[in-house]
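Here are my notes on the model, point by point. Please keep the structure open while reading.

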Amino acid sequence: MTLEGDYRNTLEALFATAVRFNLPVAVWRLPDSAEIKLCLSLRGVQTLATVPHLEGGLSGFAFYPFQITGNNPAAFINADITFSSLSSKLKFNFKLNENPEYVALVKRLQEYFQKIKDTRSATTWHVNRHVLPTETNKPDFMTVVAKAVRAIEDGLFEKVVLSRTKAYPLETDFNVLQGFCQLQAKYKNAFVSLVSIPEVGTWMGASPEILVQINSKKLFKTVALAGTQPLTPEINPAKARWGQKEIEEQSMVERYILNCFKSIRLREYTEAGPRTVVAGNLMHLRTDFTVDMTQVPFPKLGTDMLTLLHPTSAVCGMPKQPATEFIYQNEGYDRAYYSGFLGPVQVDGESHIFVNLRCLQLFEDLALLYAGAGITAESEPEKEWQETKLKMETMREIMVKKKK
Ligand SMILES: C=C(O[C@@H]1C=C(C(=O)O)C=C[C@H]1O)C(=O)O
């Protein structure tokens with residue numbers, strides 16, 4: 001495992017310092033990047049009433065639930081302190097003389113940080129004490145899938161995404177930064193993240209799905225990702241064949257995105273795909289949509305599309321309204337931040353927002369894993385259960401200690 005290096009200790013100590021001082025912190029690594037970044041807010045968490053503004057002046061990390069509720073606020077971690085594994089330098093993004101209230105706090109943080117710098121200290125995290133972890137059993141999940149298929153046959157909707165949870169006990173010496181480092185080493189083309197916020201809790205994941213991205217050249221991107229099959233030595237992306245069910249499921253997500261563009265009357269997008277992409281142990285179908293923001297009169301394209309897109313039919317359903325109602329009435333648990341979105345906003349001039357998939361929530365002594373599957377008229381309950389099991393593999397592997 002290649003997680004040593006100077007930055008590992010710094011990351012771990014920064015994370016532990018944030019937890020110790022009850023401050024929110026996020027650590028992440030973008031797909032195909034070698035750089036791990038961290039941001040920490042000195043002013044506690046900021047709650048948002050709308051989606052974060054991707055083109056505004058605020059720099060930080062957004063953590064947005066599937067649906068905003070009292071227990072699941074839309075959270076924003078201001079980038080008061082940032083760290084990059086490439087430069088191995090801490091950056092203070094404020095002037096101490098203009099923020100006298102931070103002087104004493106920063107001094108205490110630094111003292112604590114120095115004290116724990118060389119210890120394996122990321123063994124505690126912020127826990128959400130307002131919710132109790134609930135696990136979905138197989139018969140219940142299968143019953144709800146069968147009910148969804150009947151609702152589709154009755155014409156209530158075309159597709160609904162149903163999800164479930166599974167709990168794994170944590171080893172007593174579980175180190176959350178070690179988990180993050182393992183994940184980022186293993187899933188090079190995923191967005192790997194660890195978010196820990198007082199009251200809200202701690203989530204870790206390796207997402208394959210871009211929701212909205214705006215790079216430094218002002219190129220906007222979103223993707224339609226759906227359809228799932230296992231990646232095996234025999235069937236690689238070049239050889240992958242897709243059934244009618246997967247093709248239709250993914251084309252519904254495409255249609256949904258095209259409708260969003262249509263509703264703001266934007267025609268200048270380019271569309272590429274669908275093509276087969278690898279996400280960990282799985283393959284999906286993906287179509288990429290890009291817009292050169294320097295060529296269109298939509299200065300707030302990112303924010304507007306984020307408002308329209310979330311939740312896409314890759315995690316909710318089609319049409320959105322009856323699918324959402326079906327989820328609330330039948331899924332039997334609170335998705336919280338699973339299938340919400342997260343990512344850096346205006347950090348180093350870029351915003352990268354991903355759907356919160358292939359993720360887990362950390363409680364005191366257990367991890368709750370989340371996964372879902374798109375249900376259409378052709379769905380079979382057993383197959384959908386197996387698909388959610390495969391999707392959970394991404395996170396399960398870091399929970400289970402390898403035999404020496
Ligand atoms: C819902 C999940 O994944 C989504 C659903 C997919 C599907 O139904 O085939 C594929 C990729 C994701 O868009 C999940 O990972 O929990």
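1. How many bridges join β13 to strand β14, and do they run parallel or antiparallel? Eight bridges join the two strands, and the run is antiparallel. Strand β14 covers residues 282-292. Glutamate 271 faces phenylalanine 289 of β14. Bear in mind that this is a predicted model.

2. The wider sheet comes next. Nine strands make up an open sheet, ordered β3-β5-β4-β16-β17-β11-β12-β14-β13. Its pairing is antiparallel. The edges are β3 (46-48) and β13 (270-279), each paired on one side only. On average, neighbouring strands of this sheet are turned by 20 degrees against each other, direction ignored.

3. Two helices belong with this sheet. Helix α5 (residues 244-263) lies across β12, β13 and β14. Its direction is at about 160 degrees to β12. Helix α6 (residues 301-309) also packs on the sheet. Helix α6 touches β11 (210-214), β12, β14 and β17 (351-355), and makes about 170 degrees with the direction of β11.

4. There is also an open sheet of ten strands. The order is β7-β6-β2-β1-β9-β10-β18-β19-β8-β15, with antiparallel pairing. Here the edge strands are β7 (89-92) and β15 (317-318); each pairs on one side only. Helix α3 (residues 138-153) packs on this sheet and touches β8 and β19. The direction of helix α3 makes about 175 degrees with that of β8.

5. Now the β7 edge. Strand β6 (residues 81-84) is joined to β7 by four bridges, antiparallel. Serine 84 has lysine 89 in β7 as its bridge partner. Asparagine 93 sits in the loop between β7 and α2 (100-116). Is asparagine 93 buried or exposed? Neither: asparagine 93 counts as partly exposed, because 13 C-beta neighbours lie inside 10 Å. Beyond its neighbours within four places in sequence, asparagine 93 contacts Ala79, Asp80 and Thr82. The C-alpha atoms of asparagine 93 and threonine 82 are 7.5 Å apart, although eleven residues separate the two along the chain.

6. Why is strand β10 described as largely enclosed by the rest of the structure? Seven of the seven residues of β10 (residues 201-207) are buried, so the strand earns that description. In a regular strand, side chains alternate between the two faces of the sheet. Both faces of β10 are covered. Gly201, Trp203, Gly205 and Ser207 are buried on one side, and Thr202, Met204 and Ala206 on the other.

7. β10 has a partner on either hand in the strand order. Strand β9 (residues 191-197) joins β10 through seven antiparallel bridges. Valine 195 has tryptophan 203 as its bridge partner. β9 and β10 form a hairpin with three residues between them. In that turn, glutamate 199 has a positive phi of about 70 degrees. Strand β18 (residues 359-362) pairs with β10 over four bridges, again antiparallel. Methionine 204 is the bridge partner of leucine 360 in β18.

8. Last, the ligand. Which residues are closest to the ligand? They are Thr228, Ala314, Leu357, Gly372 and Gly374, out of 17 that surround the ligand. The shell divides into eight nonpolar, six polar and three charged residues. β8 (159-169), β12 (219-230) and β19 (366-375) each supply at least two shell residues.

9. On the record: an unreviewed UniProt entry annotates residues 138-391 as "domain: Chorismate-utilising enzyme C-terminal". Over residues 138-391 the chain is 31% helix and 35% strand. The end C-alpha atoms of this stretch are 15 Å apart.

Methods. Residues are numbered from 1 along each chain as its sequence is written. This is a predicted model: local features need pLDDT of at least 70, side-chain atom pairs count only at pLDDT 80 or more; totals for chains, interfaces and linings use all residues. UniProt positions are given in the numbering used here, feature names are shortened, and annotations may be inferred rather than shown by experiment. A residue is near a molecule or strand if its C-beta atom, placed from the backbone, lies within 6 Å of it. Ala, Val, Leu, Ile, Met, Phe, Trp, Tyr, Cys and Pro count as nonpolar, Asp, Glu, Lys and Arg as charged, and the others, Gly among them, as polar. Two strands pair if DSSP finds at least two bridges between them. Axes are lines fitted to C-alpha atoms, for helices over the stretch in contact, and angles run from 0 to 180 degrees between N-to-C directions. Two residues are in contact if their C-beta atoms, placed from the backbone, lie within 7 Å. A residue is buried if 20 or more other C-beta atoms lie within 10 Å of its own, exposed if 12 or fewer, and partly exposed in between; C-beta atoms are placed from the backbone.
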